[in-house]
Amino acid sequence: MAEYTAAQRVALARHAGRPGTADYICALFTDFFECRGDRQCKEDESILGGVALYHGRPVTVVGHRKGKNLTENLKCNFGMPGPEGYRKAQRLFRQAEKFDRPVITFIDTPGAYPGLEAEARGQGEAIASCLALLSGLNVPVVAVVTGEGGSGGALALAVANRVILLENAVYSVLSPEGFASILWKDSSRSAEAAEVMKLTAPDLLRLGVADAVVPEPEGGAHLDPEAVFSAVDREIARQLARVEREGRFAQNRYEKFRRIGL
Amino acid sequence: MEQENFSQRRARLIELQRRRGGKERDVPKRRPAKAVFGKCPQCGAVTPKSTLVRALYVCPSCGYHHPIGAYLRLSMLLDSHSFRELDEKLVAPNVLDFPGYDDKRKAARRSTGLNEAVVTARGKIDSRTVICAVLDSQFMMGSMGVAVGEKITRAAEYAVRTGYPLILFSASGGARMQEGILSLMQMAKTSAALARLSQAGGLYISVFTHPTTGGVTASFASLGDYTLAEPGALIGFAGPRVIEQTIGQKLPDGFQRAEFLLEHGFVDQIVPRARLRETISRLLRLHEKGGVRRG
């Protein structure tokens with residue numbers, strides 16, 4: 001693995017050309033049927049999800065969407081979902097359980113959106129319900145952190161039997177900027193924050209938060225997306241097969257999270 | 001030597017100062033009477049501590065609910081002599097070797113007398129056994145690290161095993177930054193434990209108190225079968241400052257307060273502190289006989 005500092009990895013994880021959920025769906029799945037809307041009030045484009053075939057078998061796939069250009073970025077709110085997005089995700093998770101198919105999620109978000117409407121519609125409740133629902137879901141769940149795993153907004157889709165990280169993906173309790181601002185009242189010390197936060201893939205593997213790390217090409221995933229797609233595909237297939245062999249999906253998932261940090 | 005009282009000491013110091021050619025005002029005045037009066041941060045009213053204690057730390061002039069410590073909260077809630085603390089000694093190592101964290105925790109332990117930001121206990125309310133978890137905002141903002149998450153999870157698992165209702169008072173700034181990603185994982189762990197409690201048919205009453213934000217709002221605190229809040233409590237996912245910075249405008253009055261959440265459908269009832277015990281007791285009574293048998 002290439003030696004990058006934590007701050008460099010944060011920059012790579014946020015790189016505009018980095019493959020996102022939509023790219024992975026295109027590359028790894030076929031017959032994708034997109035499901036829109038939370039059935040309550042809104043469609044939130046920062047969460048992309050639906051049903052697709054993965055190596056010929058139906059799966060539910062859900063992920064954060066940031067968008068590829070400014071117009072898309074704005075439509076997707078730069079990958080920061082509101083409660084509607086998390087309620088759409090919940091709808092898809094329930095559907096997966098009903099039709100007995102595995103869930104594969106792709107995580108790439110700076111965090112859940114901190115806004116007026118998001119608060120009024122219960123951002124906290126939406127995330128909490130996602131966590132509770134996923135934790136007890138009786139089908140295999142595999143999560144891939146492809147870019148930024150920002151805070152509760154990322155975790156809401158990552159209560160999985162296996163959490164796979166890309167080599168330069170990051171996953172943290174808060175963005176380094178927010179972290180520096182809370183602890184040191186100075187958001188410009190984000191590089192320093194990134195170092196102490198232990199948010200890189202090797203750190204997370206050591207801490208038991210990540211189960212596997214997928215290597216990236218020299219310079220980052222955006223330089224050779226095809227290679228990344230096939231490596232991610234291999235890892236998902238391998239982990240999914242293991243999870244299915246182990247069975248007791250909800251029980252094992254519970255125990256996995258029960259152990260972390262102790 | 002006999003202890004001289006404050007005015008004697010002051011008189012002696014004034015005399016000394018005068019001889020040195022100084023002024024009387026250089027002599028320290030009486031220290032602010034912290035222990036005797038409480039000032040309301042909302043309306044500024046100064047209330048004698050004895051009155052404040054009798055009013056359960058609710059400001060008599062504006063109704064502001066002062067944040068209170070976990071043990072005080074439990075003493076207001078539980079029948080006398082029924083309190084049994086659970087996992088009292090449980091603490092978590094500084095896994096990330098975060099600089100300064102050990103000292104900060106030590107200072108919090110000294111100033112609060114708590115080992116961690118949550119107290120879990122078994123006790124009785126009107127003779128009904130319950131399991132309680134109370135977060136204490138005086139301990140590092142009531143933030144949730146591994147120890148807090150573990151204690152809450154154990155309390156929920158205990159509730160699953162015994163069938164006792166779980167009552168949880170939140171007061172927290174969210175996940176504890178110093179334990180990084182491990183704090184975030186506590187959101188998943190606690191939510192999973194509460195999902196199991198729900199699955200097992202257990203009763204969980206969640207009470208929001210001032211202030212509850214971040215990862216605590218976005219996990220166990222929002223998963224109650226019944227959700228209560230104290231009047232005026234700040235409850236939200238993102239903190240007000242973060243929202244203001246993000247949207248670049250001032251937040252409207254009353255935003256993210258308990259009344260706002262009630263209006264938007266996220267709280268069952270707002271209950272003043274003086275009525276919390278009886279309200280919870282009523283809920284317990286309503287769940288005593290297990291309704292319809294599922295056929």
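**Exercise 1. Find the residue of strand S6 of chain B that stands opposite Ile131(B), and describe how the two strands pair.**

Solution. In this predicted model, the residue in S6(B) that stands opposite Ile131(B) is Leu166(B). The next step is to look at the strands themselves: strand S5 of chain B covers residues 128–135, strand S6 of chain B covers residues 166–172, and the two pair in the parallel sense over 4 bridges.

**Exercise 2. Place these strands in their sheet, and explain why one side of S3 and of S9 of chain B is left without a neighbour.**

Solution. Begin with the order of the strands, which in chain B is S3-S4-S5-S6-S7-S8-S9, an open sheet of 7 strands with mixed pairing. Strand S3 (84–86) and strand S9 (269–270) of chain B stand at the edges and have a single partner strand each, so one side of each lacks a neighbour in the sheet. Then add the helices: helix H3 of chain B, residues 70–77, packs on the sheet by touching S4, S5 and S6 of chain B, and its direction makes about 10° with that of S4(B). Helix H10 of chain B, residues 273–286, lies across S4, S5, S6, S7 and S8 of chain B and runs at about 65° to S4(B).

**Exercise 3. Determine which residues the cis peptide bond in strand S7 of chain B joins.**

Solution. The cis peptide bond joins His210(B) and Pro211(B), with omega at about -15°. Pro211(B) is found in strand S7 of chain B. As background, most peptide bonds are trans.

**Exercise 4. Decide whether His55(A) and Lys185(A), each with a positive phi, are buried or exposed.**

Solution. Most residues other than glycine have a negative phi. His55(A), which is not a glycine, has a positive phi of about 50°, and its place is the loop between strand S2 (47–54) and strand S3 (57–64) of chain A. A residue counts as exposed if 12 or fewer other C-beta atoms lie within 10 Å of its own. Because His55(A) has 12 C-beta neighbours inside 10 Å, it counts as exposed. Lys185(A) has a positive phi of about 55° and is placed in the loop between H8 and H9 of chain A; with 8 C-beta neighbours inside 10 Å, Lys185(A) therefore counts as exposed.

**Exercise 5. Describe the side of chain A that touches chain B.**

Solution. Start with the contact itself, in which 40 residues of chain A meet 39 residues of chain B. Among the elements that give two or more residues to this side of chain A are helix H5 (116–120), strand S7 (170–172) and helix H12 (249–259) of chain A, while H6(A) gives the most, with 8 residues. Finally, the residues of this side divide into 26 nonpolar, 10 polar and 4 charged.

Key. Residues numbered from 1 in each chain as written. Chains lettered and ligands numbered in written order. Predicted model: local features only at pLDDT ≥ 70, side-chain atom pairs only at ≥ 80, totals over all residues. Contact = placed C-beta atoms within 7 Å. Nonpolar A, V, L, I, M, F, W, Y, C, P; charged D, E, K, R; others polar. Pairing = 2+ DSSP bridges. Axes fitted to C-alpha atoms, helices over the stretch in contact; angles between N-to-C directions. Buried ≥ 20, exposed ≤ 12 C-beta atoms within 10 Å, placed from the backbone.
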